[in-house]
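Subject: Structure handover and findings

Dear colleague,

Please find below the structure I promised to pass on to you. My notes on it follow directly after, and I would be glad if you read them with the coordinates open.

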Amino acid sequence: MSKQLRAELCLANNKGEPDPDCEYFTWKQPTRCDECGQWIHDYEYYFYEKKSIEKSQRHLIRYFCCISCYMEKLPTESFLHPANKIVKKELSLKERLQFYQNMVTMRRYFEVQFARVPLNADAYFHLNGGGDKA
Ligand SMILES: [Zn+2]
């Protein structure tokens with residue numbers, strides 16, 4: 001399992017409340033684990049795909065499972081799909097992207113957003129015309 005920057009660690013290094021509307025993602029196309037329903041943050045994951053024989057429908061099943069669910073369910077093989085068909089995958093580099101998304105406005109940010117911390121005026125310099133910039 002590779003070490004990654006987790007949301008919890010980022011927040012611990014900052015003072016202030018994280019914006020509760022913001023979610024942290026590491027996948028360019030955020031994907032939920034089909035077992036626990038949580039967003040997958042690790043770049044290693046488990047996957048099962050069932051393709052349709054008919055060309056009209058490309059995928060019958062695209063199943064994603066996070067590492068922790070896989071480890072938890074492996075002893076009993078209590079997956080939604082046959083354990084021997086589930087393969088380990090790693091997200092390609094171009095599919096990786098660390099960002100925060102406000103789930104209300106759906107805006108994406110590359111830095112953690114805070115709920116009650118005054119906005120840094122410099123960050124919005126370009127928006128207000130920069131009139132008072134020294
Ligand atoms: Zn899971």
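I begin with H81, which, leaving aside its neighbours within four places in sequence, is in contact with Y48, Y63 and I86. Please keep in mind throughout that this is a predicted model. The place of H81 is in the loop between α2 (67-73) and β4, and the residue counts as partly exposed because 15 C-beta neighbours lie inside 10 Å. Between H81 and I61 there are 9.8 Å from C-alpha to C-alpha, with the two residues 20 apart in sequence.

As to the overall layout, the chain has two helices and six strands, and these follow one another along the sequence in the pattern α-β-β-β-α-β-β-β. Of the 134 residues in the chain, 10% are buried. Among the contacts with a separation of 6 or more, 63% are accounted for by residues 24 or more positions apart.

On confidence, the mean pLDDT of the chain is 82, and 72% of its residues reach 70 or more. Over residues 9-13, however, the pLDDT is below 50, and this stretch has four contacts in the model beyond near neighbours in sequence.

The strands are arranged in sheets, and I take first the one with the order β3-β2-β4, which is an open sheet of three strands with antiparallel pairing. Its edge strands are β3 (59-65) and β4 (87-90), each of which pairs on one side only. From one strand to the next the twist averages 40 degrees. Six bridges join β2 to β3, and the two run antiparallel; the bridge partner of K50 in β3 is I61, which is also the residue whose distance to H81 is given above.

Another open sheet of three strands has the order β1-β5-β6, again with antiparallel pairing. Here β1 (22-27) and β6 (108-109) stand at the edges with a single partner strand each, so one side of each is left without a neighbour in the sheet. Five bridges join β1 to strand β5 (residues 96-102), the two running antiparallel, and across this pairing F25 stands opposite F99 in β5, while Y24 stands opposite Y100 in β5. On the other pairing, two bridges join β5 to β6, which likewise run antiparallel, and Y100 stands opposite Y109 in β6. Y100 thus faces Y24 in one pairing and Y109 in the other.

The strands β5 and β6 form a hairpin with five residues between them. M106, which lies in the loop between β5 and β6, has a positive phi of about 65 degrees although it is not a glycine. Most residues other than glycine have a negative phi, which is the reason I single this one out. M106 is exposed, because 7 other C-beta atoms lie within 10 Å. A positive phi also appears at E77, where it is about 50 degrees although this residue is not a glycine either. E77 lies in the loop between α2 and β4, and it is exposed, with 10 other C-beta atoms within 10 Å.

Which residues make up the largest nonpolar core? There are 10 of them, namely C33, I40, Y45, Y46, Y48, C65, C66, C69, F79 and I86. Strand β2 (residues 44-51) gives the most to this core, with three residues. Two of the core members, Y48 and I86, are also among the contacts of H81.

Within the core, C66 lies in the loop between β3 and α2, and it counts as buried because it has 23 C-beta neighbours inside 10 Å, where 20 or more are required. Not counting residues up to four places away in sequence, C66 touches C33, C36, Q38, I40, D42 and Y45. The C-alpha atoms of C66 and Y43 are separated by 9.3 Å, although the residues are 23 apart along the chain. C33, for its part, is in contact with Q38, I40, F64, C65, C66 and C69 once its neighbours within four places in sequence are left aside. Q38 and I40 therefore appear in the contact lists of both C33 and C66, where a contact is a pair of C-beta atoms within 7 Å.

With kind regards

Definitions and conventions
Residues numbered from 1 in each chain as written. Predicted model: local features only at pLDDT ≥ 70, side-chain atom pairs only at ≥ 80, totals over all residues. Helix = DSSP H or I, 4+ residues; strand = E, 2+ residues; numbered from the N terminus. Buried ≥ 20, exposed ≤ 12 C-beta atoms within 10 Å, placed from the backbone. Pairing = 2+ DSSP bridges. pLDDT = per-residue confidence, 0-100. Core = buried A, V, L, I, M, F, W, Y, C linked by C-beta atoms within 7 Å. Axes fitted to C-alpha atoms, helices over the stretch in contact; angles between N-to-C directions.
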